[in-house]
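Good morning, colleagues. Please look at the sequence and the model as they appear, and I shall then go through the fold, the core and one helix.

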Amino acid sequence: MKHTLLIMATLAALSAPALADEALAKSKNCMACHAVDRKLVGPSYKDIAKKYAADAKAVEMLAGKIQKGGSGVWGPIPMPANPQVNDADAKKLAQWVMGMK
């Protein structure tokens, strides 16, 4: 019984950050243009994670793109700047995206 409770508590703890960061993405309007597993206006989060999987500086680079915007990497539609997203939230969002499998 104790073993089962420990496993359940561990699983709940591991899934909580993922849900919290999805909530953050929704609160910052990221989900208006991006989805976890399909292209909307911009690429899916899973495609972004796959593209930058081997890049050790991906989190830093993506956090910058979240705040400053970007263009030309995923096609002709630019990603607008999001200056309302602070450094900590941009990094948290970038880490969440890079954790997609």
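Allow me to begin with a definition: helices are DSSP runs of H or I with at least four residues, strands are runs of E with at least two, and both are numbered from the N terminus. In those terms, the elements of the protein chain run α-α-α-α from the N terminus on. That is four helices and zero strands. I should state at once that this is a predicted model.

Now to the chain as a whole. It has 101 residues, of which 30% are buried. The chain exposes about 6,800 Å², and carbon and sulfur atoms supply 63% of that area. As for contacts between residues at least 6 apart in sequence, 47% join residues at least 24 apart.

I turn next to the interior. Which residues touch the most other members of the largest nonpolar core? They are Tyr45 and Leu93, in a core of 19 residues. Two or more residues of this core come from each of α1 (2-27), α2 (45-51), α3 (58-68) and α4 (87-98). The greatest contribution is that of α4, with six residues.

Tyr45 merits a further word. Leaving aside residues up to four places away in sequence, Tyr45 touches Ala25, Cys30, Met31, His34, Ala35, Val36, Trp96, Val97 and Met100.

Let us now consider α3 by itself. Its buried residues are Ala58, Leu62, Ala63, Ile66 and Gln67. Why do they lie on the same side of α3? They do so because the arc they cover around the axis is only 160°. As a general point, an α-helix has 3.6 residues a turn, so residues three or four places apart point the same way. Which elements help to cover the buried residues of α3? Among them are α2 and α4. On the face of α3 turned away from the buried side, one finds the exposed residues Glu60 and Lys68. After α3 comes Gly69, with a positive phi near 85°.

Finally, the aromatic rings. How many aromatic pairs does a search of the whole structure find? The search finds one. A ring also takes part in another arrangement: the charged end of Lys51 sits over the ring of Trp74, at 4.7 Å from the ring centre.

To close, I would return to the core, where α4 gives the most, with six residues, and where Tyr45 and Leu93 touch the most other members. Thank you for your attention.

Methods
Residues numbered from 1 in each chain as written. Predicted model: local features only at pLDDT ≥ 70, side-chain atom pairs only at ≥ 80, totals over all residues. Heavy atoms only, no water. Phe/Tyr/Trp six-rings, centres within 6.5 Å; stacked < 30°, edge-to-face > 60°. Lys NZ or Arg CZ within 6 Å of the ring centre and 35° of its normal. Core = buried A, V, L, I, M, F, W, Y, C linked by side-chain atoms within 4.5 Å. Buried < 20%, exposed > 50% of the residue type's maximum accessible area, 1.4 Å probe, protein only. Contact = heavy atoms within 4.5 Å. Areas by Shrake-Rupley, 256 points an atom, 1.4 Å probe, with all protein chains shown as cover. Arc of directions from axis to C-beta.
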